[in-house]
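Subject: A structure for you to look through

Hi there,

Here is the structure I promised to pass on to you. Have a look at it first, and then read on for what turned up in it.

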Amino acid sequence: MVNRLLKLSKSQSILLLGPRGSGKSTLIKALLKEHTRVFLIDLLRPSIEDKYRLNPDALIEEASKNKYEWVIIDEVQKLPKLLDAVHYLIENNKQKFILCGSSARKLKRGSANLLAGRAFVNYLHPLTSLEMINAGINFDLKTALSFGMLPKLLEFSSDEDKKEFLISYSLTYLKEEIQSEQIVRKLDPFRLFLEVSAQMNGKIINFSKIAREVGVDTTTVQNYFAILEDTLIGFYLHSYHSSVRKRISKSPKFYYFDTGIVRALNRTLDLPVFAGTSQFGELFEAFLIIEIRKLIDYKKKNWNLFYLKTKDDVEIDLILEIRRNEIICIEIKSTAKLKAQDIHSFVSISRDMKKSKSYCFSNDPVDKKIEHVECLHWQSGLKALGLAD
């Protein structure tokens, strides 16, 4: 079993969000293994969902009568109105809940605000490299780039089984998150959007161009990206500027939550990943940004993530805003032998960033300093950031 870096409170109710297959159920079982009075409500079961949809107060009756230590509600976003009953039981019975969900979309529109301050919000992601290493599992970067880090993949020994799982995962997302919940009226344009947006993973979004390729209007494409964000399938990386207003005016990048899912959606799972190729470089950049984002969540760091692109088309792959106007600039290179010319532009632009530290993370095992830039192997880089200690 892989011990997860996310530590859940045992004394406070919890709202646990994460994409399907990230290991929420396994984590909860580990947390509550010593408890016997646990009540599980699985809203993926149609009969259970129908029961509480017709009578949400049934939860109050059952929980009050049995005095459970913990009440677990799985896929809580399917019945946001049930949170009214949860709110009542937390306030009046002092009962503890673990509310699991793979989508924040309906919770935003429902009554989740009633739980403000009454339940700790936690996010669970696919595995990190550190979790695998700590569990004694061989971490292989090429495998991680090719198939991602969903825990279920550890059960498969063959690449073919891994591919089959990732394709099935993508179809399950379409069926259970999108089609069954009637999030979009027409599924075919959204299906095409998933493929096109996966091809654009980690690139600056051109909403109009994607709209033309998918055959819908720009507003619809923006709504599609909002669906991905709300269902925890991806996240925006906004353009950095000291002015919040100017940040909003620049087009963001979008990253899917897992490199394996990217390859499943853009239909490249059958293409082998080779070091030194542009595909390897793009996947490595995405993997490392995702890895940093996971660890920031688990370490409870209140950091913001950005990218920067100048008028001269020079980019900084990742900017971590530690606090207002105090930043860390990170260049990501997949090479195994870093040279000064590889980061010439980064050296130039990062030198002008005030109140900043500059790093280059790569696959080069030899740490070095190129002018003011600390150049580290990416695993050493995570430690330097205080995310892997």
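Let's begin with one residue: does Asn-201 count as buried or exposed? With a relative accessibility of 14%, Asn-201 counts as buried, because the cut-off for buried is under 20%. Please keep in mind that this is a predicted model. Asn-201 sits in the loop between α9 (187–199) and α10 (207–214). If you set aside its neighbours within four places in sequence, Asn-201 is in contact with Phe-254, Tyr-255, Tyr-256, Val-262 and Ala-286.

From that loop you can move on to α10 and its partner, helix α11 (residues 218–230). The axes of these two helices come within 8 Å and cross at roughly 100°. That crossing makes α10 roughly perpendicular to α11. On the α10 side, Phe-207, Ser-208, Ile-210 and Ala-211 take part, and they meet Thr-218, Val-221, Gln-222 and Phe-225 of α11. Sorted by class, this contact has 5 nonpolar and 3 polar residues, and no charged ones.

Next, try looking at helix α2 (residues 46–54). Which of its residues are buried? They are Ile-48, Glu-49 and Tyr-52. Looking down the axis of α2, you will find these buried residues within an arc of 100°, so they line one face of the helix. Pro-46 and Leu-54, on the other side of α2, are exposed. The cover over the buried residues includes β2 (38–42), α3 (58–66) and α4 (82–92).

Now for the cores. In soluble globular proteins, nonpolar side chains tend to be buried together. Here the largest nonpolar core has 41 residues, and Ile-292 and Leu-320 touch the most other members. Helix α14 (residues 278–298) gives this core its largest share, 11 residues. Another core, of 36 residues, lies apart from it and has Val-184, Phe-207, Ile-210 and Tyr-224 among its members. You have already met Phe-207 and Ile-210 in the contact of α10 with α11.

Leu-320 is worth clicking on. Not counting residues up to four places away in sequence, Leu-320 touches a list that includes Ile-292, Ile-296, Trp-303, Leu-305 and Leu-385.

Phe-287 is another one to try, and you will find it in helix α14. At 3% relative accessibility, Phe-287 counts as buried. How many residues along the chain separate Phe-287 from Met-149? They are 138 residues apart, with their C-alpha atoms separated by 9.5 Å. Met-149 is also one of the residues in contact with Phe-287, along with Phe-139, Leu-141, Ala-144, Leu-145, Thr-259 and Trp-378, once neighbours within four places in sequence are left aside.

Finally, here are two residues to check for their backbone angles. Lys-67 is not a glycine, yet it has a positive phi of about 50°. Its place is in the loop between α3 and β3 (70–74), and at 59% relative accessibility Lys-67 counts as exposed. Leu-232 is not a glycine either, and its phi is positive at about 65°. Leu-232 lies in the loop between α11 and β6 (234–239). With 14% relative accessibility, Leu-232 counts as buried.

Enjoy exploring, and write back with any questions!

Best wishes

Technical notes: Residues numbered from 1 in each chain as written. Predicted model: local features only at pLDDT ≥ 70, side-chain atom pairs only at ≥ 80, totals over all residues. Heavy atoms only, no water. Helix = DSSP H or I, 4+ residues; strand = E, 2+ residues; numbered from the N terminus. Buried < 20%, exposed > 50% of the residue type's maximum accessible area, 1.4 Å probe, protein only. Contact = heavy atoms within 4.5 Å. Arc of directions from axis to C-beta. Axes fitted to C-alpha atoms, helices over the stretch in contact; angles between N-to-C directions. Parallel < 35°, antiparallel > 145°, perpendicular 65-115°, else oblique. Nonpolar A, V, L, I, M, F, W, Y, C, P; charged D, E, K, R; others polar. Core = buried A, V, L, I, M, F, W, Y, C linked by side-chain atoms within 4.5 Å.
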